[in-house]
Amino acid sequence: MLSSQSPSALAISGLKKTYREGFIALKGIDLNVEAGDFFALLGPNGAGKSTTIGVICSLVAKTAGSVSVFGHDIDHDFAAAKRCIGVVPQEFNFNQFEKVLNIVVTQGGYYGLPRKEALVRAEKYLRLLDLWDKRNVVSRTLSGGMKRRLMIARALVHEPKLLILDEPTAGVDIELRRSMWDFLQQVNASGTTIILTTHYLEEAESLCRNIAIIDEGDIIANSSMKDLLGKLSQEVLVLDIVESLPPDFTLKGFDCNWVDAHCIEVSIDREQHVNSLFAALEAQQLQVKSLRNKANRLEEMFVSLLKNPSKQSDIDYPHHESAEASA
Amino acid sequence: MNLVSQWVAFKTIVYREIHRFMRIWVQTLVPPAITIALYFLIFGQLIGSRIGEMGGFDYMQFVAPGLIMMAVIQNSYANVVSSFFGQKFARSIEELLITPLPHYLILLGWVLGGDARGLLVGAIVTFVSLWFYDLSVVNWTLSIFVVISTSVLFSLGGFLNALFAESFDDISIVPTFIMQPLIYLGGVFYSIQLLPTFWQTVSLANPILYMINAFRYSILGSSDLESLGFSINSALFMIVGFIILLTTICLWSLNKGRGIRS
């Protein structure tokens with residue numbers, strides 16, 4: 001159990017970043033991630049997620065503000081701060097001509113791990129991520145999913161206390177994504193704090209306990225996942241009905257939208273219960289064949305919070321995933 | 001990061017750099033050996049036999065130290081500039097920049113990698129030269145010092161070039177339009193005493209002239225420098241001075257994040 005006195009895994013205060021060309025990427029954000037948390041940092045493209053991660057890892061120079069990792073300020077105690085961080089970036093950034101095992105062992109070496117120890121750890125993480133059989137393969141020949149897992153193994157080789165994953169499952173098929181979720185949950189359960197950025201809102205909702213949403217360089221929401229989703233005022237359910245329904249079909253007490261003769265969308269307010277919906281349907285002697293949410297709950301909240309909702313097109317929704325998977 | 005960890009990390013960079021150029025030895029070690037062998041054959045053997053003496057020596061004896069230094073300079077520079085910029089371009093440099101490694105160790109690791117290739121190619125070229133003439137070295141200590149320090153200097157130059165380069169054009173401009181003319185006009189193939197006084201004076205502004213002549217002096221016991229009123233020590237001070245200057249600029253740039261942090 002972590003002591004209440006232990007420093008935050010990440011404490012960001014008044015962080016600003018203005019790029020040379022004048023673009024303001026961060027407008028003075030504050031963020032706190034507790035040790036042991038599984039934290040989601042969401043936002044549309046260009047919102048400032050990668051800039052924030054870049055500053056934490058010293059790849060981007062901040063304009064103002066302070067960042068500390070487990071109590072180590074990245075300006076004054078940079079070695080200790082960096083030692084705590086493992087990063088899985090958005091883009092593949094390993095040597096494409098190097099063998100898988102060498103990439104992980106070399107990264108261990110950069111952190112001062114003697115070669116023997118680095119080899120042991122590389123084997124451990126490559127096995128856990130199902131890459132051990134590929135250890136002598138040149139990295140550029142790996143599939144996209146394998147490359148993502150290689151970057152996770154590389155980020156873990158020095159066993160950081162804080163693991164930052166910038167869209168780790170982008171372009172990964174659903175089966176593999178789920179196995180990566182299991183792996184990340186194990187890593188988190190072992191005590192590693194995880195910060196995740198993702199375009200898959202279902203992923204954030206499944207994995208993360210706390211969440212911050214960043215938009216146009218500002219943090220627009222920062223709370224527990226439960227609290228954030230609790231603020232949803234309305235959900236839209238899609239119902240497949242056995243009986244045939246006329247286009248002017250209505251359901252007393254509910255906002256109802258006819259989709260086709262066997263499908264309707266029903267909006268349910270926070271105060272309403274699904275039981276009352278079923279009761280209303282039963283009153284009309286209608287049988288429900290299946291029921292599902294029209295959109296991911298987090299997705300609905302996310303879209304409602306954005307200053308410019310048109311940016312939602314940057315986000316991948318579950319129904320898009322299904323389409324990709326069946327293609 | 002304690003000293004033991006720093007030592008391990010430093011060894012990792014040097015090992016990776018040496019492993020890189022050894023893995024692609026057909027691109028990194030064979031071409032300079034062939035090029036320099038052709039220089040020996042054409043300029044030293046075929047044309048050189050008709051030239052006669054140069055600077056008081058057989059032309060082959062005169063040209064050999066220059067060709068060895070040319071190979072060391074070009075390969076030290078090329079190794080660092082291509083390796084560092086390649087990593088910058090592929091963003092794999094981020095693997096290193098996110099670690100707690102101090103900047104001076106990153107610089108030192110790359111410079112030693114450049115040195116390793118420069119000196120290995122220098123050794124290969126020296127071995128090739130033995131096919132064409134009998135090498136005898138007047139001052140081993142001086143020759144080793146000059147060749148190592150020159151290699152360090154050009155490795156630093158390659159690092160600086162790669163740090164500020166934003167495209168592959170940027171890493172070919174300096175070697176093609178600056179280094180190559182300075183090397184060729186730095187007395188590799190001729191004694192600058194052959195030049196008119198004005199061009200001799202202009203040549204004195206070329207730092208590579210001092211390096212090549214210092215090395216030639218260490219091999220043959222004589223060079224253009226003394227006849228122009230310069231001691232070998234002045235050449236050595238100049239090399240060391242440039243090393244200090246470039247090291248300072250490289251470290252300052254790294255600390256400021258120039259070329260590596262946005």
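In the next few minutes I will go through the cores, the chain contact, the salt bridges and a few backbone details of this two-chain predicted model.

Let me begin with the packing. The largest nonpolar core has 116 residues, and those with the most contacts inside it are Val69(A), Leu67(B), Trp110(B) and Phe159(B). Within this core, helix α4 of chain B, residues 59–90, gives the most, namely 17 residues. If we look at the surroundings of Val69(A), and leave aside residues up to four places away in sequence, we find that Val69(A) touches, among others, Ser8(A), Ala9(A) and Leu10(A), as well as Ile56(A), Ile74(A) and Leu162(A). A second core, separate from that one, has 50 residues, including Ala122(A), Trp132(A), Leu176(A) and Cys208(A).

From the interior I turn to the surface, where chain B carries a nonpolar patch with about 650 Å² of accessible area in total, and where Ile34(B), Leu38(B), Phe43(B) and Ile51(B) are among the members. Phe43(B) sits in helix α3 of chain B, residues 30–51, and it counts as partly exposed because its relative accessibility is 31%.

Now to the contact between the chains. Chain A contributes 31 residues and chain B contributes 23 residues, and together the two chains bury about 2,400 Å², of which 52% is on carbon and sulfur atoms. On the chain A side, Leu59(A), Asn93(A) and Tyr110(A) lose the most area to chain B, and these residues together account for 31% of what that side buries.

How many salt bridges does the rule find across this interface of chain A and chain B? There are three. In one salt bridge, the side chain of Glu95(B) meets that of Arg154(A) at 2.7 Å, N to O. Arg91(B) also forms a salt bridge with Glu91(A), with the closest N and O atoms 3.0 Å apart. Since Arg91(B) lies in the loop between α4 and α5 of chain B, and Glu91(A) in the loop between β6 and α3 of chain A, the pair joins two chains. Arg91(B) is partly exposed, at a relative accessible area of 35%, and Glu91(A) is likewise partly exposed, at 45%.

Over all chains, the structure holds 12 salt bridges, and I would like to dwell on a network that links Glu117(A), Arg121(A), Lys124(A) and Glu159(A). Glu117(A) pairs with Arg121(A), the closest N and O atoms being 2.9 Å apart, and because the two are four residues apart in helix α4 of chain A, about one helical turn separates them. Glu117(A) is partly exposed at 34% relative accessibility, whereas Arg121(A) is buried, with a relative accessible area of 15%. Lys124(A) in turn meets Glu159(A) at 3.1 Å, N to O. Lys124(A) belongs to helix α4 of chain A and Glu159(A) to the loop between α5 and β7, so this pair ties together parts that are 35 residues apart in sequence.

I close with the backbone, where two residues of chain A other than glycine have a positive phi. For Glu216(A), phi is near 50°, and this residue is found in the loop between β9 and β10 of chain A. For Gln285(A), phi is about 55°, and its place is the loop between α9 and β14 of chain A. Is each of these buried, partly exposed or exposed? Glu216(A) counts as partly exposed, at 29% relative accessibility, while Gln285(A) counts as exposed, at 66%.

Key
Residues numbered from 1 in each chain as written. Chains lettered and ligands numbered in written order. Predicted model: local features only at pLDDT ≥ 70, side-chain atom pairs only at ≥ 80, totals over all residues. Heavy atoms only, no water. Core = buried A, V, L, I, M, F, W, Y, C linked by side-chain atoms within 4.5 Å. Buried < 20%, exposed > 50% of the residue type's maximum accessible area, 1.4 Å probe, protein only. Contact = heavy atoms within 4.5 Å. Patch = residues over 30% accessible without salt bridge, like charges linked within 9 Å, V, L, I, M, F, W, Y side chains within 5 Å. Areas by Shrake-Rupley, 256 points an atom, 1.4 Å probe, with all protein chains shown as cover. Salt bridge = Lys/Arg side-chain N within 4 Å of Asp/Glu carboxyl O. Buried area = accessible area lost by both parts, 1.4 Å probe.
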